[in-house]
Amino acid sequence: MKVLMVLTSHDKLGDTGRKTGFWLEEFAAPYYVFRDAGIELTLASVKGGQPPIDPKSDLPENQTSAMTRFKSDPAARKELASTVVLKGMRSADFDAVFYPGGHGPMWDLADDADSIALIESFYNSGKPVAAVCHAPAALHRAMYRGEPIVKGKRVTGFTNTEEEEVQLTHVVPFLVEDELKRLGGLFEKAPNWESFVITDGRLITGQNPSSSTAGAQALLKLLSDTQPAARGSSAA
């Protein structure tokens, strides 16, 4: 099976003068869930090349076993440093797409025409779409049969209270929780920072960095459950 991972190329945290990017755990944990399962993985980003790592995600207090493994894995680091350009990716070449979060996607992937078209193409062809933490922001302009993809779907993502806790409520372009609700998503959440993942049909969303492993595992399960079915199904 083939999975496409799509990463942000945005490294500026609004007007704060601080850096952002993707959250390292949200890449590293799914990366090894997929690799260890024998998935053929392709890494893409908006601009290609090395996507920016949110420096806060690599602070001592945020270290995880997956991050430690990644840092001692030259092949994985080389692969991340040479992501392909998102514009050239086609859903026909993969079985599913996975979006790691971090604040970066709020500024580029949320409104990137190539990303939006790719999500719609995966979904329209009956293939799973997964996004963790802030990455569900990338769904907010994606449509299915004339309505938002998330409308009527059970979804989760980085919550308002988690955004308040990191003191970025007034920095981000919009709040993930509020936006998913505005679009008609049936938003659910666990207590701050607890792992929480929802699978509704072929849409998978995870709440926060702690949900990264479970989000990737949920995608594997969905692929395993649906792979024998004929491709091209358009069931919602």
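User: Is Lys151 buried, partly exposed or exposed, and what is its relative accessible area?

Analyst: In this predicted model, Lys151 is partly exposed, with a relative accessible area of 43%. Its salt-bridge partner is Glu147, and the closest N and O atoms are 2.9 Å apart. Glu147 is partly exposed as well, at 39%.

User: What is the general idea behind such a pair?

Analyst: Side chains of opposite charge can pair when their charged atoms come close. The rule applied here asks for a side-chain nitrogen of Lys or Arg within 4 Å of a carboxyl oxygen of Asp or Glu. By that rule, the model has 15 salt bridges.

User: Which parts of the chain does the salt bridge between Lys87 and Asp114 tie together?

Analyst: The side chains of Lys87 and Asp114 meet at 3.5 Å, N to O. Lys87 belongs to the loop between β3 (84-85) and β4 (96-99), whereas Asp114 sits in helix α4 (residues 113-124), so the salt bridge links parts 27 residues apart in sequence. Lys87 counts as exposed, at 62% relative accessibility, while Asp114 is partly exposed, at 30%.

User: How should one read a pair within one helix, and where do Glu177 and Lys181 lie?

Analyst: Glu177 and Lys181 are four residues apart in helix α6 (residues 176-182), a separation of about one helical turn. Their side chains form a salt bridge of 2.7 Å, N to O. Glu177 has 2% relative accessibility and therefore counts as buried, the cut-off being under 20%. Lys181, by contrast, is partly exposed, with a relative accessible area of 41%.

User: Which residues are joined into one network by salt bridges that share partners?

Analyst: Asp11, Lys12 and Lys19 are joined in this way.

Terms used. Residues are numbered from 1 along each chain as its sequence is written. This is a predicted model: local features need pLDDT of at least 70, side-chain atom pairs count only at pLDDT 80 or more; totals for chains, interfaces and linings use all residues. Side-chain values use heavy atoms; hydrogens and water are left out. Helices (H or I, at least four residues) and strands (E, at least two) are DSSP runs, numbered from the N terminus. Buried means under 20% relative accessible area, exposed over 50%, partly exposed in between (1.4 Å probe, protein chains only).
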